[in-house]
Amino acid sequence: MGQQRPLIVGPDKVEMPYPVIIDTEVISGFGRGSSELGIPTANIPPDPLSELDPGVYYGWVRVFPRSAEPETKHIQDRDIVFNYGSKLRAEDLAVFPMVMSIGWNPFFKNIRKSVEIHVMHDFASSFYGSGIKVCVTGFIRNEQSYESIEDLIADINTDIQVARNSLARPDYEKLKSLL
Ligand code: RBF
Ligand code: MG
């Protein structure tokens, strides 16, 4: 289906209910974004975005360190180092485009709702526990299940292209300054 999808979405001027802006923190996810998909995601608590329907969205994002001592947390049989963003470099602190998934990941049949953000930037380190400001500017598509993980990855790569094109419009570009 990847090829038939529109490569730009939403109106040229940002319309209600967007932008939706939140200031929250990076939590731990299911631990398969990087390892199984090759598409790392920063997970955030679902509550601040509970007014948005499940689906895939696009917008802007900025991460920043929070002052807390690094610690290792044991979460669902994994040891996760929360560095609270202390390893972030100056070049990681800019506003970047993002794609976000809200829901139960039908392909993986999750029982917990998750909100995951793929930041369109190469980070050199993890940043569990860091601060994160998110500006959601529009909806891309509903979540789907897939025949194979390759089909899911292909659709996410199309989402990334759609987000880049859709955010390049001046009315969307100017929202970067809100973060
Ligand atoms: N999971 C699904 O089961 N169906 C989807 O349609 C779907 N779309 C996604 C779109 C984006 C932009 C991202 C970042 C993730 C998406 N996911 C989807 C979630 C994906 O399964 C998840 O990131 C990994 O399982 C890691 O937790
Ligand atoms: Mg993740």
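User: Hi! Is Thr 137 buried or exposed?

Analyst: Hello! In this predicted model, Thr 137 is buried, with a relative accessible area of 2%. Buried here means under 20%, so Thr 137 falls in that class.

User: Okay, and where does Thr 137 sit?

Analyst: Thr 137 belongs to strand E8, which runs over residues 131-141.

User: What does Thr 137 touch, leaving aside its neighbours in sequence?

Analyst: Setting aside residues within four places in sequence, Thr 137 is in contact with Val 14, Tyr 18, Tyr 58, Gly 59, Trp 60, Leu 167, Tyr 172 and Leu 175.

User: How far apart are Thr 137 and Ile 21?

Analyst: That depends on how you count! Along the sequence they are 116 residues apart, but in space their C-alpha atoms are 8.8 Å apart.

User: Nice. Which residues touch the most other members of the largest nonpolar core?

Analyst: That core has 45 residues. Leu 49, Leu 52, Met 100, Ile 117, Ile 132, Val 134 and Val 136 touch the most other members. Several elements each supply at least two residues of this core, including strand E1 (20-25), strand E3 (55-64), strand E8 and helix H2 (149-167).

User: Let's take Val 134. What does it touch?

Analyst: Not counting residues up to four places away in sequence, Val 134 touches Val 20, Ile 21, Ile 22, Ile 44, Trp 60, Val 61, Met 98, Ile 117 and Leu 179. You'll recognise Ile 117 from the core list.

User: Switching to the ligands. Which residues are closest to ligand 1?

Analyst: Ligand 1 is surrounded by 20 residues, and the closest are Arg 32, Phe 107, Glu 116, Arg 141 and Gln 144.

User: How about polar atoms: which side chains have an N or O atom by an oxygen of ligand 1?

Analyst: Arg 141 is one of them: a side-chain N or O atom of Arg 141 is 2.9 Å from an oxygen atom of ligand 1. For the side chain of Tyr 146, the distance is 3.4 Å. The backbone takes part too, with an N or O atom of Pro 106 lying 3.1 Å from a ligand 1 oxygen.

User: How much of ligand 1 does the protein bury?

Analyst: Taken alone, ligand 1 exposes 540 Å², and the protein buries 99% of that.

User: And what coordinates the magnesium ion?

Analyst: The magnesium ion, ligand 2, is coordinated by Thr 41 through O and OG1, and by Asn 43 through OD1. The distances are 2.1 to 2.6 Å.

User: Are Thr 41 and Asn 43 buried, exposed or partly exposed?

Analyst: Thr 41 is partly exposed, at 29% relative accessible area. Asn 43 is buried, at 7%.

User: You listed Glu 116 by ligand 1. What does its side chain make a polar contact with?

Analyst: The side chain of Glu 116 makes a polar contact of 2.5 Å with the side chain of Thr 41, and Thr 41 is also a magnesium ligand. Glu 116 lies in strand E7 (residues 114-119) and is buried at 12%. Beyond its sequence neighbours within four places, its contacts include Thr 41, Asn 43 and Asn 105.

User: What's unusual about Asn 105's phi?

Analyst: Asn 105 has a positive phi of about 45° although it is not a glycine. It is found in the loop between E6 and E7 and is buried, at 8%.

User: Which other residue has a positive phi without being glycine?

Analyst: Gln 76 is one, with phi near 45°. Gln 76 is in the loop between strand E4 (71-75) and strand E5 (78-82), and it is exposed, at 56%.

User: Where are the cis peptide bonds?

Analyst: One joins Met 16 and Pro 17, with omega about 5°. Another joins Tyr 18 and Pro 19, with omega about -5°. Pro 17 is in the segment before E1, and so is Pro 19.

User: Last one: which side chains make polar contacts with Arg 5?

Analyst: Those of Asp 155, at 2.9 Å, and Asp 159, at 2.6 Å. Arg 5 is in the segment before E1 and counts as buried because its relative accessibility is 9%. Among the residues Arg 5 touches is Arg 141, which we met beside ligand 1.

Conventions: Residues are numbered from 1 along each chain as its sequence is written. Chains are lettered from A and ligands numbered from 1 in the order in which they are written. This is a predicted model: local features need pLDDT of at least 70, side-chain atom pairs count only at pLDDT 80 or more; totals for chains, interfaces and linings use all residues. Side-chain values use heavy atoms; hydrogens and water are left out. Helices (H or I, at least four residues) and strands (E, at least two) are DSSP runs, numbered from the N terminus. Buried means under 20% relative accessible area, exposed over 50%, partly exposed in between (1.4 Å probe, protein chains only). A polar contact is a pair of N or O atoms within 3.5 Å; within protein, one must be able to donate a hydrogen and the other to accept it, and residues adjacent in sequence count only if both atoms are side-chain atoms. Contact means heavy atoms within 4.5 Å. Donors are N, O and S atoms within 2.8 Å of the metal (3.2 Å for Na, K and Ca); water is not among the atoms, so sites may look incomplete. A residue is near a molecule or strand if one of its heavy atoms lies within 4 Å of it. Accessible areas come from the Shrake-Rupley method with a 1.4 Å probe; for residues, only the protein chains shown count as cover. A nonpolar core is a set of buried Ala, Val, Leu, Ile, Met, Phe, Trp, Tyr and Cys residues joined through side-chain atoms within 4.5 Å.
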